[in-house]
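Hi everyone, thanks for making room for me today. I'd like to walk you through a structure I've been looking at, so please have a look at the screen.

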Amino acid sequence: MKETVIVDTRNKKSTISPDIYGHFSEHLGRCIYGGFWAGKDSSVPNIHGYRADVVQAFKELGIPNLRWPGGCFADEYHWMDGIGPQSGRKRMINTNWGGVVEDNSFGTHEFMGLCDELGCKPYICGNVGSGNVQEMHDWVEYMTFSGESPMANLRKENGRAEPWKLPFFGIGNENWGCGGNMRPEYYADLYRRFQTFVRQYGQDKILKIAGGPNIDDYNWTDVLMRNAHWLMDGLSLHYYTYEYRWEDKRSSTEFDEEGWYRALRNAFRMDELVRRHGEIMDKYDPEKRVSLVVDEWGSWYLPEPGTNPGFLYQQNTVRDAVVAGIHLNIFNNHADRVRMANLAQAVNVLQSPVLTEGSRMVRTPTWYVLHLYKEHMGATLLGTSFAASSAGLYEKDIVVPGLSVSASQKESGGARRFLVTIANTDTQKARQLDIGLSGLQGAISAATALVVTGEQMNTVNSFERPEAVVEKSLPVSISARDSVSVTLPAHAVAALTITA
């Protein structure tokens, strides 16, 4: 039986901000050390200390921004420990993540250099939990002031004459939890105070992002927006996908159909969270000036057996590819309010696009989904709808939408190029789809499709079998002037490029 997806080419919506496709790098496990950073003297091929293979993998994704240094680590990070000669940098214990020694060999200069190598914008999170206003003020001055000042002079002494551009600055992280266990009223006052001293030097605006709610804490959003919305450019939201309960995490690879559908049901919850937090934001900001910044999202399962549990290292399956497709479609479809998001985390932690082991690197199924979706960045969102059967275990009342869809349009050289991204959530059933471009002026001239799937719903890319899940061509036919037909495999994510 054929099912239908409709793309309304007349219903042009917001521009999909490229920053929705951002990433997150914390001093956690092997995300920085052994992930992005090998060190200049490493035998692993590197560019000024940055792993060459990891840099290349992220450049291929065209990542727009990278968040650092945390996460929970941000609210115990003191930036002056990570500048100056390596021999003089302080050593500390990373009490949040694994109890390992943090030698601060990767600091401000190294992070900004990484962003230069990646061609992306830096998003820095400041320390509110254990820091103070002066420390935050000095850090911003150190990074961005071009004139004569103690901090600008110190930056020059440390080898950087010109200031950096700093597009995004977060005022603390998870201040309802690891960032201070604060009440929203208290944090709102702290936010108002701290952001005052995040000075803008010169013409380059620093967008200030307030620490937002944990999952469905709608009161936090209401209090922050009521008390400080005119002083913020973004409000963060954190939400992770898991199977059963947060306290009852399961394996990232050893799961059954119930585990598949429970995880996907939790992934679809992101739509409700974005919508309901957005409705509260609308009360105070009807023009949607303030972005909802989902700067931590992704799958969170048990760490791989035999690894440090504080390192949060997990494998990445076809299930995670579908979780990624669902989230990115949701963010696209809410592009009027969601203008920035950061997958957690970039390398070797949680739902990573890239895993490393010694000198080897592997792209995960999630990396390939991000690659499929990259042409959405900067495109115009189009309205979509679909008629398709649900998927799930009906006898256990674990049911999810059968499809997740978003579509966008770009114009190039007089041609219109439509990108339609679709996730099939069914573990067993392929779907025969008719995809219609409603209101299309002219006719479809070409159509291609790529798909990401695997032999099983828990297939992974391992170091021994690194290409078990990759992009593959998917047959697609032009069935009418304004429609195409495609058969989407079970447990798969596809991207159709249609030219008219």
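Let's start with E174, which is buried, with a relative accessible area of 13%. You'll find E174 in the loop between strand 9, residues 168-171, and helix 5. Although E174 is not a glycine, its phi is positive, at about 40°. For context, most residues other than glycine have a negative phi, and most peptide bonds are trans. Please keep in mind throughout that this is a predicted model.

Now compare H48. This residue also has a positive phi, of about 55°, and is not a glycine either. H48 sits in the loop between strand 3 (46-47) and strand 4 (50-51). Is H48 buried or exposed? H48 is exposed, because its relative accessible area is 54% and the cut-off for exposed is over 50%.

While we're on backbone geometry, have a look at the loop between strand 5 (65-68) and strand 6 (92-94), where P69 is found. The peptide bond that joins W68 and P69 is cis, with omega at about 5°. G71 belongs to the loop between strand 5 and strand 6 too, and the bond from G70 to G71 is cis, with an omega near 15°.

On to the overall sheet. In which order do the eight strands of the barrel close? The order is 2-5-8-9-10-11-12-13, and the pairing is parallel. On average, neighbouring strands of this sheet are turned by 30° against each other, ignoring direction. If you want to see strand 2 meet strand 13, go to residues 22-24 and 338-343: the two strands run parallel and are joined by two bridges. G22, for instance, has N342 in strand 13 as its bridge partner.

Something lies across part of that barrel, and that is helix 7, residues 257-284. Helix 7 crosses over strand 11 (234-241), strand 12 and strand 13, and runs at about 160° to strand 11.

Next, the helices. Two packed helices are described by the angle between their axes and the distance between the axes. Take helix 5, residues 184-196, and helix 6, residues 218-228: their axes come within 9 Å and cross at roughly 35°. The crossing is right-handed. Which residues meet there? From helix 5 we have P184, E185, Y187, A188, Y191 and R192, and they meet N219, W220, V223, L224, N227 and A228 of helix 6. By type, the residues of this contact divide into eight nonpolar, two polar and two charged.

Helix 6 itself is mostly covered, with eight of its 11 residues buried. Among the buried ones are W220, V223, L224 and A228, and each of those four also takes part in the contact with helix 5. The cover over the buried residues of helix 6 includes helix 5, strand 11 and helix 7.

Helix 9, residues 365-373, is another one to look at. Why call helix 9 largely enclosed by the rest of the structure? Because eight of its nine residues are buried. They are P365, T366, W367, Y368, V369, L370, L372 and Y373.

T366 brings us to N316, a residue in the loop between strand 12 (291-299) and helix 8 (318-333). N316 is buried, at a relative accessible area of 1%. What does the side chain of N316 reach? One partner is the side chain of T366, in a polar contact at 3.0 Å. Another is the backbone oxygen of S352, at 3.2 Å. Leaving out residues up to four places away in sequence, N316 touches Q351, S352, T364, P365, T366, T459, V460 and N461.

Last stop, K410, in strand 19, residues 403-412. K410 counts as partly exposed, because its relative accessibility is 22% and the cut-off for buried is under 20%. The side chain of K410 reaches the backbone oxygen of E375 at 3.2 Å. Setting aside neighbours within four places in sequence, K410 is in contact with E375, M377, G378, A379, A415, R416 and R417. And for a sense of scale, K410 and I280 are 130 residues apart in sequence and 32 Å apart in space, C-alpha to C-alpha.

That's my tour. Thanks for listening, and I'm happy to go back to any part of it.

Terms used: Residues numbered from 1 in each chain as written. Predicted model: local features only at pLDDT ≥ 70, side-chain atom pairs only at ≥ 80, totals over all residues. Heavy atoms only, no water. Axes fitted to C-alpha atoms, helices over the stretch in contact; angles between N-to-C directions. Left-handed = near helix turned anticlockwise from the far one by under 90°. Contact = heavy atoms within 4.5 Å. Nonpolar A, V, L, I, M, F, W, Y, C, P; charged D, E, K, R; others polar. Buried < 20%, exposed > 50% of the residue type's maximum accessible area, 1.4 Å probe, protein only. Polar contact = N/O pair within 3.5 Å; in protein donor to acceptor, adjacent residues only side chain to side chain. Pairing = 2+ DSSP bridges.
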